[in-house]
Structure formats: structure tokens, C-alpha cells
Amino acid sequence: MKMRIKIALAGNPNSGKTTLFNALTGLNQFVGNWPGVTVEKKEGRFREDENIIIMDLPGIYSLSPYTPEEVVSRDYLLDEKPDVIINIVDGTNLERNLHLTTQLAELGIPLVVAVNMMDVVKKKEDKIDSARLEKELGCRVVEISALKGTGVMEAARLAASLAGGEKHIPRHSFSGSVEHALAHIEEAALHSLPEGKQRFLAVKLFERDEKIIARLGLPDAALKHIENDIRLCEEELDDDAESIITAERYAYIESIIEGCRTIKNKGKLSFSDKIDMVVTNRFLALPIFAAVMFIVYFVSITSVGAVATDWANDGIFGDGWHFLGIGSAAYSEAIDAFEAGEISDEPDPAGYGAWVPGVPVLLGDALEAINCAEWLQGLILDGIIAGVGAVLGFVPQMLILFAFLAFLEGCGYMARIAFIMDRIFRRFGLSGKSFIPILIGTGCGVPGIMASRTIENDRDRKITIMTTTFIPCSAKLPIIALISGALFGGAWWVAPSAYFVGIAAIICSGVMLKKTRLFSGDVAPFVMELPAYHMPTAVYILRSMWERGMSFIKKAGTIILLATIAVWFTSSFGWGDGDFGMVDMSDSVLAKVGSGIAWIFTPLGWGDWKSAVAAITGLIAKENVVGTFGILYGFSEVAEDGAEIWANLSASISPLAAYSFLVFNLLCAPCFAAMGAIKREMNNTRWFRIAIGYQCGFAYLVALCVYQIGTLAAGGGFGPGSAAAILTVAGFLYSLFRPAKKTTMRNSATVPNI
Amino acid sequence: MATLRAAMPGDKLRVTKITGEGQVKHRIMNMGITRGSEITVRKVAPLGDPMEITVRGYELSLRKIDADGIEVERTPESLRGGASRPELCERDGYENAD
């Protein structure tokens, strides 16, 4: 058997790493996550030789321990011992890219530097002398253009030929006093380790990298000895150790770059600069941003997206659809005529044009034909198919959105969004990029949550995921219509107030959450590259769309499916006539559970079991709330806004309690599909629980305040509920306005206790 | 000593010192802002923060609060060009200028 070769692909963000990886591996890719973090892990096999495995490490600027991406990459390079590293560097941005190169060179692993974007470099008529660069760096240098596909295979073949060969010895050195300290460190702590590894570890020990110190488990005496050397060096160079190293790396790069690169049009505005003069112009930036957002929303949610989702939900996973729209026009005319009373029989859509029945219809007929037991039919149709439909129904719309996101990221505008919106959003612990998830969330929370993937910063992303679904999505609109129609005579202010509650919930949650201990440790600086604009390829967009879509289906699918089946089961089974079996919803296990837990909601004003059950079925999809009320009030089918049950509802619940019910349902845990998306994006069970727990707890407390304080204001007596509400308000105010705790920087350069 | 925070669009500056510590400082330095490196201030975001600079040939955005930790001086080149403002203007005074 041929030897397996592992190639690690490392480079800065925006250096074209993903494009190179795609070019090298084609379709042989496995996308996942690194354990415990939301950092994407991609592995693939080389197109030309399947014994060569290529690992695409996340984009990083340094091998320091500050971001999850850096830690993941570093651990991989140290623990998995790839046979060779291909370091992709952006030829148009050589200085900063080589900073990482100097660090990779110290790892003692054979290294190939692939200078990317050579097509752009040549177009700008700049020159890179790669032979000279090769000599200066002491490792092989190849020129490539990942986008155009030139030099790509050669780079990989070269890398494979170096695998397991000579250990790379870095040519760069630090100043005398640093080298002196490094030699001492190697001598004191590392001499028993393989020679190739010593350099990297010595530099990291010099930088007082806590993760490396912990990994090596050095005795206290050795650490004390090392600390002494570091101190001396710091005193001499008047800076902290980590800064000394970084500054000297750049000084080294400066010293070699002049000989390796000539820039022709220095100081001239590039094409990208010209675009930016318009796009981030202080007067035009916001209108352009608004226009771009409008287009994204309009296409992915309102027009094309809505058609796609309706087709998936009502067509494939509903009654059926007219193939290519043939016959829909004639059918809707017939429906109009039926509603106007001109014809007496309700028209059947199947009678018009090219009707394709939906999966549930087809399967239902088939099960009927084979005389399948009623419970099994129920399980298959209302449990499994409904569950699968809940997973897949969102996918078409999501794919359209993902294509937009991939385009915005690929062309470079996404970074500008963060630049433009940062000032507003950072106050709430969010990123400028959080605007997109929240905007998309007004259509559907599921793609909204998935859109949070574009936010690099961990804290910003988590808070965004936790708060995005507070904004009313389109499935919550029927609940608003129900409450507004039944209790408030369709008053104009109910719907806007729901959006207001959603926005206020996001802002307040952001402010409160960022001050909690959960997030205080993660303050990350917003120092962000604004990459040059360029047109992404269609392959890049389709691929990114496909990967994100699949990751939703795979990772979110299971939980959605299981939860839907569980609710179906509890709502259709129960003890009717003394035996356990299929029953009406009023006798079901779910109804029993609803009655059992209704007391929890009594302080919110709607402690009757029907409301509790409706809130639970709302977890499958928020539209179900209205339908459930319909069933529980004895209607087999109700209109979307539940007009049939308005009278029943207004008789059983007060306006204030109804509004509290509305607020609770807007803010509490979203539908299973959105919860699945949250689980997928958090990639961590604990954080998933925290998110859902926070949403439910927050919803409960806000609804409590609405009902109790409303009752008090309306002249109701003061009771324990009122006291709890006032305490809650005080708690909210405290969490909002307390000073942020002085955050202790993780991994700061303070001296560890030695 | 003036910091980058007080700089105006168009200013060409040289970094004299990076103050501050921990993650912010190292992130800034990793991105290539080190002692002696040259910075051109490009623009300030429409809402007044963050700012965009050119350093080592690429565009970087950073918040003013972080820019406060970067001490700068004018380069001789820009002193010749913009002699009317030899001193960096007062902090926050630049927001009206574009």
C-alpha cells in the first residue's frame, strides 16, 4: 500500500485558501466542525491521488492562542503532525501574509509557500521575484492563481514530494538578545524534545503562551529559570515579550521584501479603492446598504424565497402543486368563483392543469390502499412526513439566501457591512453583521440563525443566535392576527407593537447578556481586514450554498424530526375509554401535560390548559398555535387568523392576558426548525441549552411583567404576582444599567504565577 | 503624544509606540501595525466609528477606542504636503472634516 500523505493548508483569511482547497480536492470533501467550537473543519482527498489527504485549516493571521481558529490550527499542526504544509499567501498583500509564514517555518515541518493571486499581481504590473523569496525564506515558493487554476496542481505535487523529507529550518532570526533568551529556553526546558519542534516551542515559551506552558507541563524550577531570561530581554528591549517577537518578525519581513517585490503603481488608487470611495462613502454608504439589504430580503424572503417555500411546504409536503404552474390560474379563478357563490362545489385543484399531488397525499393514498393501521398512518403522515417536511420545507428559501450571503462574503461587501454598522450594533454586544440575521429573521428565523455564520467573533455570533428569533417571523403573524382580531378588534397597533417588543428584546438582551459572566471573558478587538473587492466565481457561490444547506439538513434535521414526532405522538395518543390509544387532542397525553403545567402560566394571566397546549404545539411551527386553538374549541379547520374562534377566545381570556400570551409566544423558544438551527450554529449542547433556556426565561418574565403590571395599572389589587413583576423589572433595570464588569483578558500578557 | 484616534482622513503617519496590552495589542500588532510602520488614514465610517486605514499595503478597519492605543507621528513626507496642520488636531475634532 502506498503511504498516506497529509497536507495541511494554512493561510490568512481572504488569501484564497478555500478556492485552492476546492481546486485541489474537487468534490472529495468532508465538511464538519472542529470539536467543541463553531469553526469549520474541512478535509478532502487530492484529485490526482487519493492517498493524499488535504486539511483546510481555518484562516488565521498568527499562531497565537487568542481566537478559536488559531487554537484549532495550532493544535492540529502540533498534534496531527501533517507531513507537509502548503502556506497560501496573498501576492497582493505579501507583507502581512508572510508574518504567518515566519511562524509556520518554525514548526519543523516541510513547507511550501504558494503565492496566490499572481494574475492580479501581474495585472497590476507588479513583480514578485519568487526565486529570491525562496532563497530568503529557505523553503520552496510557487506562484499560483487559485481562481484561474494555474500552478495549483504543481504546488500540491511539489508539496507531496517534500512530505516526510527534510525538516524545514527557518532562515530568519531574531535580534541578539532574543536569540540569547531562546537558546536558554531550549537548553532549560526543551532539549529532550525532537530538534525540529524546539524552535517553535521556545518562541511560544518566550511569549509566555499559557496553552503551550500547560501542554508541556514543565517543572516550576525550569519555568522560573525561563522567566528570568524573558524578563532580562524585556527590560533590554523595553516591550513585552510577545510584542517583541511580533515586531521583529515584521522587521525581518521588511528587510527582505524590498528585494523580492516591486510595486509599479505605488499610491495610485486601485479599482477596489474606487469602489470603496462610493460604497463606504459617508453619504452614500447607508443608502447603498439599505438598497442591498432590500434586494436580499425581497428576493430571498418575499418573492422567489416565498414561492420556493410555499412550493416546498404546501406543494411537496402539502396537498400538491401545479407542475410549472400549469392550471394554477384556472384553479384560482374557479376558487374566486366558488367564494363569490357562483358555483356550489368547491373546486378541486387536481382537476385543473398538470397537478402533482404532494408527498403526504400520495403516501396517504398508498397507505389507505394497503389498509394500513390508523395509528401507523398517523405516525407516517403526521409524524414522520410532517417532520421531514419541517426540515426540508425551509431549504429552498435558505439556499437562495445562502447564495446571496456567499456572494456578499465572496465579493468583499460583507466586511464593509460590519464596517458601516459596527457603531450601532456593538453597543448591544452584537456585530455590524448581525443586521443580516435579524433582517432575515423577520421572514424566517431558521435562515436568519444560519446567516449568523458570517460573524467571525464568537461572542457576537452567540448573542446574535440567541436573540435573532425575538423578531416576529412570518409564522408568528397568524398569532398576532388571532390575538389582535379576537381581543383588540383588529386594532392597528397590535402588529407594530409586536415588532417593537421584538426589537426591544434584542437590544435589551444584547446589553444584558454582554455584561454577564458568560460573555465577559470574550472581549475581542474589532480589528478587521477590508479585503479588496473581487467577483466571486459561480462555483464558489454554489458550493458555499450547498455546504451550508447540507449542514442544516444533517445537523438540524435530527432534532427537528424527533421533536415533531414526539409532539405528534403526545397529541394524538391518550387514555380514551380507559384504554391507551389514538384519541382526540382534548383527551391526549399532550392535553394532560397541558393541564398539568397550566399553573405555571397562571401568573401570566392565561393559566388554562388550552393556551398551554397551543403554546406547546407552537413549538412545531408557530402557525400551529392558531390551528390548535381551533381544534381545542371544536373546529376541525380554521382560517389562518382563526376568525372562527375569536368569540370563544375573547370569552375565555382577558385582553391583557391575551397580550401576555402573544408576548410569550413571540419571545419564547422558537419552532423546532429554528431550535435545530440554533443547535447547529452553537455546535455545543451547553450553549444550545443556555440559548433556549434564556429565551424561555426571558419570555416568561416579560409576559409576567406585561400581565401583572398591566393588571396593577388597571386598578387590580396588589398580589404576590405584582410583587414578582416589580422585582423582575428592577432586575431587568439592574442588568441593563449596571456597569460592565472589568473584564479580565484571557491569555493576556500578564506574568503567569510561577 | 498624539494617537491614531485623533488622526484625520488623508493623514500619513508613522507608528511610534503601541500602548495597551493583552489581546487587543497583539491583534493590532499581528495585523502589521508595529513600531515604525507607516499608516495612511483613509476614512471614518459614516456613523463616526470605526476608521479605515492603509497599513503595509492593505486596508484595515479598527475602532477608535483601539486606535487610541497606537501612538503616531506625522511622516516628513506628509509634513511637507500638509504644512497647514503640523500638529494633529484635537481628538474628535476631525469628525466634521472629510
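**Exercise 1.** In this predicted model, classify A:W311 as buried, partly exposed or exposed.

Solution. The relative accessible area of A:W311 is 37%. Buried requires under 20% and exposed over 50%, so A:W311 is partly exposed.

**Exercise 2.** Describe how the rings of A:W311 and A:W321 are arranged, and place both residues in the fold.

Solution. Step 1: a search of the whole structure gives 24 aromatic pairs over all chains. Step 2: one of them joins A:W311 and A:W321, with 5.7 Å centre to centre and 90° between the planes. Planes over 60 degrees apart count as edge-to-face, and this pair is edge-to-face. Step 3: A:W311 belongs to helix α14 (residues 304–316) and A:W321 to strand β10 (residues 320–322), so the pair ties together parts of chain A that are 10 residues apart in sequence. Step 4: A:W321 has a relative accessible area of 21%, so A:W321 is partly exposed.

**Exercise 3.** Work out the geometry of the pair A:F425 and A:F435, then the exposure of each residue.

Solution. Step 1: the ring centres are 6.1 Å apart and the planes lie at 85°, so A:F425 and A:F435 are edge-to-face. Step 2: A:F425 is in helix α19 (residues 413–425) and A:F435 in helix α20 (residues 435–441), so this pair links parts of chain A 10 residues apart in sequence. Step 3: A:F425 is buried at 10% relative accessible area, whereas A:F435 is partly exposed at 24%.

**Exercise 4.** Find which ring lies under A:R96 and which under the charged end of A:R686.

Solution. Step 1: A:R96 lies over the face of B:Y58, 4.2 Å from the ring centre. Step 2: the charged end of A:R686 sits over the ring of A:W687, at 5.7 Å from its centre.

Definitions and conventions
Residues are numbered from 1 along each chain as its sequence is written. Chains are lettered from A and ligands numbered from 1 in the order in which they are written. This is a predicted model: local features need pLDDT of at least 70, side-chain atom pairs count only at pLDDT 80 or more; totals for chains, interfaces and linings use all residues. Side-chain values use heavy atoms; hydrogens and water are left out. Rings of Phe, Tyr and Trp (its six-membered ring) pair if their centres lie within 6.5 Å; planes under 30 degrees apart count as stacked, over 60 as edge-to-face and the rest as tilted. Helices (H or I, at least four residues) and strands (E, at least two) are DSSP runs, numbered from the N terminus. Buried means under 20% relative accessible area, exposed over 50%, partly exposed in between (1.4 Å probe, protein chains only). A charge sits over a ring if NZ of Lys or CZ of Arg is within 6 Å of the ring centre and within 35 degrees of the ring normal.
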